[in-house]
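Look over the sequence and the model below. Then read on for a short tour of the fold.

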Amino acid sequence: MDQDLLFEADGAGKVVWDFLAEARSLDEIVEHVRSVYRVDRDRCEADIRSFVARLAENDLVRECDVAPPA
């Protein structure tokens with residue numbers, strides 16, 4: 001990381017972050033979060049896409065083929 005950056009994640013963001021310790025597919029992440037929280041699948045997927053894209057933009061994840069929702 002080339003810059004000083006504080007990236008805070010709580011709630012579902014922390015669940016996703018912790019679950020990313022190993023490579024996971026989008027479907028695996030979505031189903032894991034849905035097993036913890038009662039949330040609509042489409043909304044969950046959109047939120048996770050956005051969160052993981054922000055992680056990738058800030059070089060906090062190495063590979064990311066999860067594009068943010070249009």
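Start with a definition: a residue is buried under 20% relative accessible area, exposed over 50%, and partly exposed in between (1.4 Å probe, protein chains only). This is a predicted model, in which local features need pLDDT of at least 70, side-chain atom pairs count only at pLDDT 80 or more, and totals for chains, interfaces and linings use all residues. Residues are numbered from 1 along each chain as its sequence is written, and side-chain values use heavy atoms, with hydrogens and water left out.

**The whole chain**

The protein chain has three helices and zero strands. Its pattern along the sequence is α-α-α. Helices (H or I, at least four residues) and strands (E, at least two) are DSSP runs, numbered from the N terminus. Of the 70 residues, 26% are buried. The chain exposes about 5300 Å², and carbon and sulfur atoms supply 44% of that area. Accessible areas come from the Shrake-Rupley method with a 1.4 Å probe; for residues, only the protein chains shown count as cover.

**Helix α3**

Helix α3 covers residues 41–57. Its expected span is 1.5 Å times one less than its number of residues. For 17 residues that gives 24 Å, and the end C-alpha atoms are 24 Å apart, which agrees. At the start of α3, a side-chain oxygen of Asp40 comes within 3.1 Å of the backbone nitrogen of Asp42. This is a polar contact (N or O atoms within 3.5 Å; within protein, one must be able to donate a hydrogen and the other to accept it, and residues adjacent in sequence count only if both atoms are side-chain atoms).

Several residues of α3 are buried, among them Cys44, Ile48 and Phe51. The buried residues of α3 pack against α1 (12–19) and α2 (26–36). Contact here means heavy atoms within 4.5 Å. Val52 lies in α3 too. Val52 and Val16 are 36 residues apart in sequence, yet 8.5 Å apart in space, C-alpha to C-alpha.

**Two residues side by side**

| Residue | Place | Relative accessible area | State |
|---|---|---|---|
| Val52 | helix α3 | 6% | buried |
| Asp59 | segment after α3 | 60% | exposed |

What sign does the phi of Asp59 have? It is positive, near 55 degrees, in a residue other than glycine. Most residues other than glycine have a negative phi.

**A charge over a ring**

Arg24 lies over the face of Phe19, at 3.8 Å from the ring centre. A charge sits over a ring if NZ of Lys or CZ of Arg is within 6 Å of the ring centre and within 35 degrees of the ring normal.
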